[in-house]
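Let's take a walk through this protein together, from the overall layout down to single residues. Please have the sequence and the 3D view open side by side.

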Amino acid sequence: MGVMIIPFISSLSDDVINSVPQSLRDASLGLGATKAETMQQVVLPAALPGIVSAVLLAVSRAIGETMIVVMAAGQGANLTANPLEAVTTVTVQIVALITGDTEAETAAGPAFTLGFTLFVLTLIMNMAAQRLVAKYREKYD
């Protein structure tokens, strides 16, 4: 999943960097800054909220992808730090509960609880991103 979201992040970040006003770049270059200094001191700070948003949007999308996670992680209920072993995720457990051998009434409660947990984690990530973006946001004309 990490490799699959890289093009998503890079595309959105490129759009955000290109949307920084040209007047900011021209002003920095006019004051004697090099192109590298302009990128470091002007363009990246101005684009930081958009880049953070792109990363969090991609991570939220990766967390929510159900079928890819099921295929990649497998159905094994295992929690380990070794990336080469099969693990389980919240989305895998939701799929296992809904499509498993248990009755629909029995599986609905835990599946909806896991779905709500996934929603809360995504909400917390978005709230943290909002605070970070608000902290570093600068107003431009």
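What pattern does the protein follow when it is read along the sequence? The answer is α-α-α-α-α-α. Put as a count, that is six helices and zero strands. Please keep in mind from the start that this is a predicted model, and that what follows describes that model.

A few totals help to set the scene. The protein has 141 residues, and 24% of them are buried. Its accessible surface comes to about 9500 Å², and carbon and sulfur atoms account for 66% of that area. As for how the chain meets itself, take the contacts between residues at least 6 apart in sequence: 54% of these join residues at least 24 apart.

Now let's go inside. Which residues make up the largest nonpolar core? There are seven in all: Val16, Ile17, Val20, Val43, Ala46, Ala47 and Ile51. Helix H1, residues 2-18, and helix H3, residues 35-64, each supply at least two residues of this core. The largest share, four residues, comes from H3.

Two members of this core are worth a visit. Start with Val16, and set aside residues up to four places away in sequence: Val16 then touches Ala47, Gly50 and Ile51. Of these partners, Ala47 and Ile51 are themselves listed in the core.

The other member to visit is Val43, which is found in helix H3. Is Val43 buried or exposed? Val43 counts as buried because its relative accessible area is 1%, and the cut-off for buried is under 20%. Leaving aside neighbours within four places in sequence, Val43 is in contact with Ile17, Val20, Arg25 and Thr38. Two of those names, Ile17 and Val20, also appear in the core. You can also trace a link back along the chain: the C-alpha atoms of Val43 and Asn18 are separated by 9.0 Å, although the two residues are 25 apart along the chain.

Thr38, one of the contacts of Val43, leads us on to helix H2, residues 22-30, where Ser28 is found. Ser28 has a relative accessibility of 11%, so this residue counts as buried. Which residues does Ser28 touch, not counting those up to four places away in sequence? They are Ala33, Thr38 and Val42. Thr38 is therefore a contact of Ser28 as well as of Val43, where contact means heavy atoms within 4.5 Å.

Asp26 is found in helix H2 too. With a relative accessible area of 43%, Asp26 is partly exposed. Thr38 comes up again here: the C-alpha atoms of Asp26 and Thr38 are separated by 9.1 Å, with their positions 12 residues apart along the chain.

Let's return to helix H3 and look at Val55, whose place is in that helix. Val55 has 32% relative accessibility, so this residue counts as partly exposed. How far apart are the C-alpha atoms of Val55 and Ala129? They are separated by 9.6 Å, while the residues lie 74 apart along the chain.

Further along, Leu97 lies in helix H5, residues 90-99. Leu97 counts as partly exposed, at 22% relative accessibility. Its C-alpha atom and that of Phe112 are separated by 9.8 Å, and these two residues are 15 apart along the chain.

We finish on the outside. Which residues make a nonpolar surface patch of about 430 Å²? Phe116, Phe119, Leu123 and Met127 do. Phe116 is found in helix H6, residues 104-136. With 53% relative accessibility, Phe116 counts as exposed, because the cut-off for exposed is over 50%.

Phe116 has a further role in this tour. The count of aromatic pairs comes to one. That pair is Phe116 with Phe119, and its geometry is tilted, with 6.3 Å centre to centre and 35° between the planes. Where do the two sit relative to each other in the helix? They are three residues apart in helix H6, so about one helical turn separates them. If you turn the model to bring this pair into view, look for Leu123 and Met127 as well, as they belong to the patch that Phe116 and Phe119 help to make.

Conventions. Residues are numbered from 1 along each chain as its sequence is written. This is a predicted model: local features need pLDDT of at least 70, side-chain atom pairs count only at pLDDT 80 or more; totals for chains, interfaces and linings use all residues. Side-chain values use heavy atoms; hydrogens and water are left out. Buried means under 20% relative accessible area, exposed over 50%, partly exposed in between (1.4 Å probe, protein chains only). Accessible areas come from the Shrake-Rupley method with a 1.4 Å probe; for residues, only the protein chains shown count as cover. Patches are made of residues with over 30% relative accessible area and no salt bridge: like charges are joined within 9 Å, nonpolar side chains (Val, Leu, Ile, Met, Phe, Trp, Tyr) within 5 Å. A salt bridge is a side-chain nitrogen of Lys or Arg within 4 Å of a carboxyl oxygen of Asp or Glu. Rings of Phe, Tyr and Trp (its six-membered ring) pair if their centres lie within 6.5 Å; planes under 30 degrees apart count as stacked, over 60 as edge-to-face and the rest as tilted. A nonpolar core is a set of buried Ala, Val, Leu, Ile, Met, Phe, Trp, Tyr and Cys residues joined through side-chain atoms within 4.5 Å.
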